[in-house]
Amino acid sequence: MIKGKKILLGVSSSVACYKAVELARLFCKAGCEVRVVMTPNAANLVQPLQFEAATRQPVYCDVFNRRAPWDVEHISLAHWGDIFVIAPATANIMAKMAGGIADDAPTTLYLAFAKPVFIAPAMHTEMWHHPATQSNLGILLKRGIHVIGPASGDLASGDKGLGRMAEPQKIFEFVVKFFKPSQSLGDKKVLITAGPTREMIDPIRFISNRSSGKMGYALAEEAAQRGADVTLISGHTNLPAPANVKIIRITSAIEMHQEVLKLAHQTEIFIFAAAVGDYRPAKTANTKIKKQSDEITLNLVRNPDIAKEIGKNAKQNQTLIGFAAETGNLEEYARKKLKEKNFDMIIANDVSSKEIGMGCDENKVSFIYAKGKMETAGPALKRDLAVVVWDKIEKIITTKKER
Ligand SMILES: Cc1cc2nc3c(=O)[nH]c(=O)nc-3n(C[C@H](O)[C@H](O)[C@H](O)COP(=O)(O)O)c2cc1C
């Protein structure tokens, strides 16, 4: 339960920082104790007095203040708080946290704080997509920081796009869930495939695809948070292993096939989110192929259809979810695949766009069920879509049980 928890609320200078006042109120209303820590720049955008009124506590804004001369405030606050939520988190504060820079109250507190940290990034789309911000995000995620949002929508500049701070209610609910994790998938054995396969031509060259693995990893993380026993069979990605998930790393479709078969009999829920190569070179050269004539021919042979094989032998207590990534005739191909592979649900997405889908943070999908019904979701962050997908899978499992 969240009542009685001690929340440190860090506020940095995004235009969204006025919304942090509402977040502070939500925590207070739920019975939490809240102390606000602001960057000096944030204090230029919203008066600390606003937070003092909301929390009835002084705001910590200056590392060198003389309010309590014998108390080193960032250390005593670090001992005091149960969690540290930074909302909004600017690109700047994310960079400083990633680099361990401590030159203001929130960043100094961050380094002194050894308990769970949450950030709700807020910035313009270009700032979010900048390689520096994405690399800092990767470092923070690897360190176990919980990242909430950002969301898509209207931005302060008048543009639309990814980068809005998640709504205060959503941040609040995320924290509530952290303290009282749902056990709705309690110990269910889940197997998820993710990422691309590499079909080797010679020791250094391969055939692959643009899949980043982000959707599969997000699904694995969400399942683990719901108490499932999750194994992720992953092709090459740049993503950190999700917490509490067993990860098996593979290279080729043949290796993925072998690993899936080993676990198939004990798995209750399969999600086939990997982009598995349909074909592989008939022969992989043992040494690097040297330049020859102007043209060379590469003979390809079919890879095993992992999902189809599992679908053919599926038992009543097994639930199978597949993905269809297409560049045209999406619904028609997805429905065909759903039937052929005996899936309970297929998640179809158009991969012709560069902004969403394969390799991107966001996706827009259609859910097509074995009985024919279709629903849509997104565009939304893959992390947020993972929550929607698992809500739907849980409904499928309940319906199957009732039958
Ligand atoms: C009105 C205004 C709105 C801003 N909004 C954002 C924002 O949403 N996200 C962001 O990363 N930076 C934003 N900035 C830029 C940051 O305030 C700037 O990078 C600052 O140095 C960050 O300092 P801090 O992280 O210490 O608060 C904004 C600046 C202004 C003046």
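Is K96 buried or exposed? In this predicted model, K96 has a relative accessible area of 11% and is therefore buried, since the limit for that class is under 20%. Its partner in a salt bridge is D104, with the closest N and O atoms 3.1 Å apart, and D104 is likewise assigned to the buried class, at a relative accessible area of 7%. Side chains of opposite charge can pair when their charged atoms come close. Across the whole structure, a search finds 21 salt bridges, and a few of these serve below as points of entry to other parts of the chain.

The salt bridge between D384 and K170 has its closest N and O atoms 3.3 Å apart, and it links distant parts of the chain, because D384 belongs to helix 14 (residues 382-402) whereas K170 belongs to helix 9, with the two positions 214 residues apart in sequence. Both ends of this pair are partly exposed, D384 having a relative accessible area of 23% and K170 one of 39%.

A salt bridge within a single helix is found at K336 and E340, whose side chains meet at 3.6 Å, taken from N to O. These two residues are four positions apart in helix 13 (residues 330-340), so that about one helical turn separates them. K336 counts as exposed, at 52% relative accessibility, while E340, with a relative accessible area of 40%, is partly exposed. Elsewhere, salt bridges that share partners bring K177, E222, R226, D391 and E394 together into one network.

The aromatic side chains offer another way through the model, in which the count of aromatic pairs comes to seven. One of them is formed by F118 and F178, an edge-to-face arrangement with 5.1 Å from centre to centre and 90° between the planes. Because F118 lies in strand 4 (residues 117-121) and F178 in helix 9 (residues 168-179), this pair ties together parts that are 60 residues apart in sequence. The surroundings of the two rings can be told apart by their accessibility: F118 is buried, at 0% relative accessibility, whereas F178 is partly exposed, with a relative accessible area of 29%. F178 also pairs with F179, the ring centres being 5.3 Å apart and the planes standing at 75°, so this pair too is edge-to-face. F179 itself is buried, although its relative accessible area of 19% has to be read against a limit of under 20% for that class. Taken as a group, F118, F174, F178 and F179 are linked by ring pairs into a cluster.

Strand 4 also leads to the sheet, which is open and consists of five strands in the order 2-1-3-4-5, with parallel pairing. Its edges are formed by strand 2 (33-38) and strand 5 (146-147), each of which pairs on one side only. Further inside this order, strand 1 (residues 6-11) and strand 3 (residues 83-89) pair in the parallel sense over four bridges, and the bridge partner of L8 in strand 3 is F84. A contact between charge and ring is made by R35, whose charged end sits over the ring of W80 at 4.3 Å from the ring centre.

A second contact of this kind involves R302, which lies over the face of Y279 at 5.8 Å from the ring centre. Y279 also takes part, together with L298 and L300, in a nonpolar surface patch of about 270 Å². Of these residues, L300 is found in strand 15 (residues 300-302) and is partly exposed, with a relative accessible area of 42%.

The last stop is S353, located in the loop between strand 17 (345-350) and strand 18 (362-369). S353 is partly exposed, its relative accessible area being 23%. Its C-alpha atom is separated by 21 Å from that of M127, a residue 226 positions away along the chain.

Notes:
Residues are numbered from 1 along each chain as its sequence is written. This is a predicted model: local features need pLDDT of at least 70, side-chain atom pairs count only at pLDDT 80 or more; totals for chains, interfaces and linings use all residues. Side-chain values use heavy atoms; hydrogens and water are left out. Patches are made of residues with over 30% relative accessible area and no salt bridge: like charges are joined within 9 Å, nonpolar side chains (Val, Leu, Ile, Met, Phe, Trp, Tyr) within 5 Å. Accessible areas come from the Shrake-Rupley method with a 1.4 Å probe; for residues, only the protein chains shown count as cover. A salt bridge is a side-chain nitrogen of Lys or Arg within 4 Å of a carboxyl oxygen of Asp or Glu. Buried means under 20% relative accessible area, exposed over 50%, partly exposed in between (1.4 Å probe, protein chains only). Rings of Phe, Tyr and Trp (its six-membered ring) pair if their centres lie within 6.5 Å; planes under 30 degrees apart count as stacked, over 60 as edge-to-face and the rest as tilted. A charge sits over a ring if NZ of Lys or CZ of Arg is within 6 Å of the ring centre and within 35 degrees of the ring normal. Two strands pair if DSSP finds at least two bridges between them.
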